[in-house]
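Hi,

Here is the structure I promised to pass along. Have a look at it first, and my notes follow below.

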Amino acid sequence: MKLFSKAGACSLSPHIILRECGLDFTQVNVDLASKKTERGEDYWQINPKGQVPALELDDGTLLTEGPAIVQYLADLKPDRQLLAPAGSLTRYHTLEWLNYIATELHKGFTPLFRPDTPEEVKVQQRQQLERKFRYVNDELQDKQWLVGSRFSVADAYLFVVSRWANAVQLDLSTLEALSAWQARVAERPAVIAALKAEGLA
C-alpha cells in the first residue's frame, strides 16, 4: 500500500493507524502547493481531490478521506482492536467521534491556516474551537481514551488535530484532561514512529 501524505497534516492519522496495525506500506510525501509528489508525479492524476491523505491499495484502488481510510485499516486488522466490531454500540460511538473531529474540529482549523482570512474571523474561529475543545476535555474526564478502555482510530485523529493548536495560537493549556490524554497518546510506539518518520519528533 502507498500512503500519500504531508508531514503533520491530517494524513498523520492514517499513518499512525498503519503503524498501529503493523501493516506494510510506503509513505509518499505530497507538496500540496504544487500538487506534486516527492517523486515528481502530478498528484491531481493520483487523487482528483488534490488533498491528503490518499491510500493506494495493492490492486491500485484509491481510498481517500481520513475517517474512511482509518476504518478500512482497522477492519483489516481486527485483532488490534482499534475499532469495535460492526453492530456494537462502541463502534458507532467511535464513528460519532470521527465525525465530530472531522466536521467540528478539523474543519474549524481551516480558516486559521489561510493567510487571507481576516483577523476578526480568526478570533471568532479560535473562540469556537476553544469551546469545542472544552467539550472534548469534559468528555475525557476520568477516561483513558475517547471510547471505552482502548485506544481507537478516533484517538489517533484527535491527537493529530489537537497538535495544530500551537501553530494557530490556540491555547489549550488549561484543559488538563486533554493534556493528560495527549501525553498518553504521544507515548505509544506507533505514534512515536510516525512522528519520527514525518520529521516531527
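What percentage of the 201 residues in the protein chain is buried? The figure is 47%. Keep in mind that this is a predicted model.

On overall layout, the protein chain has eight helices and five strands. Going along the sequence, they come in the order β-α-β-β-α-β-β-α-α-α-α-α-α. The C-alpha atoms fit a box of roughly 45 × 45 × 30 Å along the principal axes. The radius of gyration is 17 Å, which agrees with the value near 17 Å for a compact globule of 201 residues. As for contacts between residues at least 6 apart in sequence, 63% of them join residues at least 24 apart.

Now the surface and the charges. About 10100 Å² of the protein chain is exposed, with 49% of that supplied by carbon and sulfur atoms. There are 23 positive and 26 negative side chains, and the centres of these two sets lie 1 Å apart.

The part I spent some time on is helix α3, residues 66-76. Its buried residues are G66, P67, I69, V70, L73 and A74. They cover an arc of only 160 degrees around the axis, so they sit on the same side of α3. As a reminder, an α-helix has 3.6 residues a turn, so residues three or four places apart point the same way.

What do the buried residues of α3 pack against? Two strands, β4 (54-56) and β5 (62-64), are on the list, along with the helices α1 (12-21), α4 (89-113) and α6 (153-162).

Cheers

How values were computed
Residues are numbered from 1 along each chain as its sequence is written. This is a predicted model: local features need pLDDT of at least 70, side-chain atom pairs count only at pLDDT 80 or more; totals for chains, interfaces and linings use all residues. Side-chain values use heavy atoms; hydrogens and water are left out. Helices (H or I, at least four residues) and strands (E, at least two) are DSSP runs, numbered from the N terminus. The radius of gyration is taken over C-alpha atoms; the globule rule is 2.2 Å times the number of residues to the power 0.38. Buried means under 20% relative accessible area, exposed over 50%, partly exposed in between (1.4 Å probe, protein chains only). Contact means heavy atoms within 4.5 Å. Accessible areas come from the Shrake-Rupley method with a 1.4 Å probe; for residues, only the protein chains shown count as cover. Lys and Arg count as positive and Asp and Glu as negative; His and the chain ends are not counted. The place of a charge is taken as NZ of Lys, CZ of Arg, CG of Asp or CD of Glu. The arc is that of the directions from the helix axis to the C-beta atoms.
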